[in-house]
Amino acid sequence: MACEEEINKLKEQVTCALCGQLFKEPVTMGCGHTSCKDCLDKLVISKDGQVICPTCSTECSPIDIVENELAAKLVETLKKLLELKPDEGDHCPQHNLPYTVFCLDNMKLMCDKMIKDQPECRTLPIKEAAERFKEKLQQALESLETLAKENAGRDEQMNLIDLKNQGDKVRDKIEKAFNALRKYLEQEETAIMQQVETQEEGFLQQLEESTAGAGGSPITVDHLISDIKKILPLENIPLLKELLSKACQFAKVLLERKLAQLIKAGLQNVGSVFDRNGTLLRKPKEMPMDLSQGGFNVPLQYAVWKRMLKHVDTVPNLGTLDPLTANAHLILSQDGTEVRVGEKQDDIPDNPERFSRWLSVLGSEGFSKGKHVWEVEVGDSILWQVGVAKGSVPRKRGFAPFHWQESRKFFTPEPQVGVWAMALQDSDYTALTSPPIELQIKGKLRKLGVYVDYDAGLVSFYNAEDVSHIYSFKDKFSEAIFPYFYIAHKGDTLKLIPLGV
């Protein structure tokens with residue numbers, strides 16, 4: 001009989017790192033690592049057909065990928081060994097003898113050797129003992145089924161109560177949020193109205209002071225027209241006298257050019273009213289009377305929204321990506337808001353914070369309390385993961401994407417290891433749970449929003465273009481978490497974008 005330890009070693013050697021199953025049509029890449037042919041086909045991540053090894057991150061050409069006949073033969077050998085392997089559950093591992101009786105005192109199976117060593121034990125033949133326990137199990141089953149029927153209505157009622165409580169909490173949360181927004185908008189409206197009234201009162205006061213300085217009531221254009229019509233028919237001397245008495249009133253309302261044109265049209269000998277340049281001796285006081293110039297010409301919705309951002313806790317400043325965590329294949333933009341896949345940068349040190357075997361990068365700022373939200377432009381990228389990860393997430397393990405395998409050598413992004421994210425691969429959107437959940441999203445997702453309530457243990461994803469909910473994780477955080485990004489297709493980019501109106 002084959003040794004259990006040797007069989008396990010052989011099984012580990014012929015297990016695919018991507019699917020976690022025994023090799024099917026095994027192929028070996030140029031770097032020497034082997035995978036299933038179908039699994040390897042899913043790892044083409046560049047437009048020129050280059051493949052990144054999931055174990056060592058080496059880029060390999062398809063030309064160097066060959067069938068591994070030895071691995072295929074090892075798989076067949078292992079299968080035969082597993083078929084020949086006896087069912088150890090029917091044998092005593094200590095004496096390598098079949099079990100024959102069941103001990104009622106110690107509640108365990110015994111072989112003939114154990115019976116001789118412990119003659120005082122009360123035993124029953126295995127078949128008789130099994131029948132006896134079957135009867136007890138049947139009685140327990142009937143009792144549980146009766147209890148379940150009695151509690152069925154109660155459980156349903158409790159579910160209804162729980163659902164009602166949850167609905168009340170959600171409604172209360174929505175009501176509080178909108179009440180706060182309404183209160184803020186009402187305060188803004190009152191403040192702006194007061195500014196308009198203050199400016200209007202200022203203009204009125206200036207008009208009153210100007211009128212008082214002129215020594216009379218406000219003069220309208222109609223008054224001036226009437227006075228001019230009365231003066232025009234007069235003889236020369238009376239006309240000039242009357243004109244001199246009315247000149248200051250004319251100057252307060254008419255513009256210089258208009259009055260000058262009037263003088264040139266028929267009033268030639270009135271030099272005492274004008275200086276040598278033909279300018280009125282007393283110019284009307286110029287006053288800005290346009291209320292829209294008092295700061296109210298800016299679109300009110302935009303102005304109020306800008307001020308409102310300071311009062312909304314869930315809208316932080318735009319973050320950046322941490323270059324110390326970025327895999328050597330990832331290139332960050334100068335402002336630290338965009339990441340793309342490129343050639344490996346050999347001059348980048350393999351510091352402890354860096355993802356050395358995983359095409360990922362973290363945000364530069366983590367958080368251990370409060371509410372946070374950011375948006376990511378995924379655009380036309382075809383292979384990505386976006387979410388949050390705890391600060392202690394593994395950085396140096398090999399890459400087993402999308403839950404294909406988790407072992408000592410490979411890392412799977414999922415909540416159990418400190419990653420809460422959603423992903424796109426092969427045109428399918430998934431929540432990276434264990435096992436992953438396929439997400440039904442209409443159309444192509446171009447902008448992804450991430451909302452985190454640390455204290456509530458909530459990570460939610462939404463379509464940033466219409467703010468429709470996609471998926472939420474509910475967990476309990478025990479350490480600081482950071483924005484998390486993974487991208488593996490050359491030419492693709494992920495970009496942090498500022499929140500807009």
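Helices and strands are taken here as DSSP runs, a helix being H or I over at least four residues and a strand being E over at least two, and both are numbered from the N terminus. The structure is a predicted model, in which local features need pLDDT of at least 70 and side-chain atom pairs count only at pLDDT 80 or more, while totals for chains, interfaces and linings use all residues. Residues are numbered from 1 along each chain as its sequence is written, and side-chain values use heavy atoms, with hydrogens and water left out.

Glu25 is a convenient place to begin. This residue is found in the loop between helix 1 (4-13) and strand 1 (26-28), and although Glu25 is not a glycine, its phi is positive, at about 50 degrees. Glu25 has a relative accessible area of 55% and is therefore exposed, where exposed means over 50%, buried means under 20% and partly exposed lies in between (1.4 Å probe, protein chains only). Accessible areas come from the Shrake-Rupley method with a 1.4 Å probe, and for residues only the protein chains shown count as cover.

Glu25 also belongs to a patch of negative charge on the surface, together with Asp38, Glu67 and Glu69. A patch is made of residues with over 30% relative accessible area and no salt bridge, with like charges joined within 9 Å and nonpolar side chains (Val, Leu, Ile, Met, Phe, Trp, Tyr) within 5 Å. Asp and Glu count as negative and Lys and Arg as positive, while His and the chain ends are not counted; the place of a charge is taken as NZ of Lys, CZ of Arg, CG of Asp or CD of Glu. Asp38 lies in helix 2 (residues 37-41) and, at 53% relative accessibility, counts as exposed.

Strand 1 takes part in an open sheet of three strands, arranged in the order 2-1-5 with antiparallel pairing. Strand 2 (34-36) and strand 5 (66-67) stand at the edges and have a single partner strand each, so one side of each is left without a neighbour in the sheet. Two strands are said to pair if DSSP finds at least two bridges between them; strands 1 and 2 pair in the antiparallel sense over three bridges, and the bridge partner of Val27 in strand 2 is Ser35.

Another antiparallel pair is made by strand 7 (residues 97-103) and strand 8 (residues 108-111), over four bridges. Cys103 has Lys108 as its bridge partner in strand 8. The two strands form a hairpin with four residues between them, and Met107 in the turn has a positive phi of about 50 degrees.

How many salt bridges does the structure hold? There are six, a salt bridge being a side-chain nitrogen of Lys or Arg within 4 Å of a carboxyl oxygen of Asp or Glu. The table gives some of them.

| Salt bridge | N to O distance |
|---|---|
| Glu59 and Lys490 | 3.3 Å |
| Arg132 and Glu128 | 4.0 Å |
| Arg171 and Asp168 | 2.8 Å |

In the salt bridge between Glu59 and Lys490, Glu59 lies in strand 4 (residues 59-60) and Lys490 in the loop between strand 23 (481-487) and strand 24 (493-497), so the pair ties together parts that are 431 residues apart in sequence. Glu59 is partly exposed, with a relative accessible area of 24%, whereas Lys490, at 13%, counts as buried. Both residues are linked with Glu343 in a network of salt bridges.

Arg132 and Glu128 are four residues apart in helix 5, and therefore separated by about one helical turn. Arg171 and Asp168 are three residues apart in helix 5, again a separation of about one helical turn. Arg171 is partly exposed at 49% relative accessible area, and Asp168 is partly exposed at 32%.

Helix 5 (residues 126-214) also contains Leu181, which joins Val170, Ile174 and Phe178 in a nonpolar surface patch with about 350 Å² of accessible area together. Leu181 has a relative accessible area of 34%, so it is partly exposed.

Two further backbone features lie in loops. Ser427, in the loop between strand 17 (419-425) and strand 18, has a positive phi near 65 degrees although it is a residue other than glycine, and at 66% relative accessibility Ser427 counts as exposed. Pro435 lies in the loop between strand 18 (428-431) and strand 19 (437-439), and a cis peptide bond with omega of about 0 degrees joins Ser434 and Pro435.
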